[in-house]
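Dear colleague,

I am handing over the structure we spoke about, and I would be glad if you kept it open while you read the notes underneath.

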Amino acid sequence: MSASFLSLVEKGGSDISLGRLLAVLRFYDISLADLLPETRSPEPNVVRASARPRIVFPAEGTEVFLLTPDTKRMFSPTITVYKPHSKPAEYSQHPGQEFFLVLRGRLRFTLEGGGPVMLEEGDSVYYECDRKHMVENLSDSAEAAVLFVSCPPTL
């Protein structure tokens with residue numbers, strides 16, 4: 001990525017894909033939490049549905065909702081909402097493991113080395129995420145939602 005592209009993103013003049021954001025975070029050896037304001041609360045940490053930290057990737061048609069106040073944890077649970085026809089700009093690949101459960105809708109999951117798998121509400125997947133992977137919503141009209149658990153946190 002060029003310095004001019006990063007400058008555009010920084011100034012709000014361009015959007016960044018999730019894959020590119022993860023690459024920037026890995027390059028600087030930081031997490032998304034390092035970019036967000038720090039919040040401290042007494043145990044237990046309660047995150048109200050109406051106050052979930054939200055990250056939007058408009059070009060990819062996804063919204064990611066953190067289910068913890070930050071990503072400075074051993075693992076990171078999130079809910080990702082996929083708009084109709086949403087698809088990442090590129091395959092994702094990062095260290096660790098992920099688990100996800102389809103909460104609503106129907107999605108296509110592709111893991112490097114295997115064919116695409118259609119997943120429906122209630123289906124779950126566990127995989128090593130050092131292999132390239134992608135989640136897509138092929139629906140013309142319905143959103144889909146997924147509960148993700150990443151270890152270590154990827155954002």
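The notes below cover the two sheets and then a surface patch.

This is a predicted model, in which local features need pLDDT of at least 70 and side-chain atom pairs count only at pLDDT 80 or more, while totals for chains, interfaces and linings use all residues. Residues are numbered from 1 along each chain as its sequence is written, and side-chain values use heavy atoms, with hydrogens and water left out.

One open sheet has 6 strands in the order E1-E2-E3-E9-E4-E7, with antiparallel pairing (strands are DSSP runs of E with at least two residues, and helices runs of H or I with at least four, numbered from the N terminus; two strands pair if DSSP finds at least two bridges between them). Its edge strands are E1 and E7 (124–128), each of which pairs on one side only. Within this sheet, strand E2 (residues 62–66) is joined to strand E3 (residues 76–82) by 5 bridges, the two running antiparallel, and Thr62 has Tyr82 in E3 as its bridge partner.

An open sheet of 3 strands follows the order E6-E5-E8, again with antiparallel pairing. Strands E6 (117–120) and E8 (133–136) stand at the edges with a single partner strand each, so one side of each is left without a neighbour in the sheet. Between E5 (residues 106–111) and E8 there are 4 bridges, and Thr110 is partnered with Met134 in E8.

Finally, Ile30 lies in the loop between helix H2 (18–27) and strand E1 (54–57), and is partly exposed, with a relative accessible area of 30% (buried is under 20%, exposed over 50%, partly exposed in between, with a 1.4 Å probe and protein chains only).

Best regards
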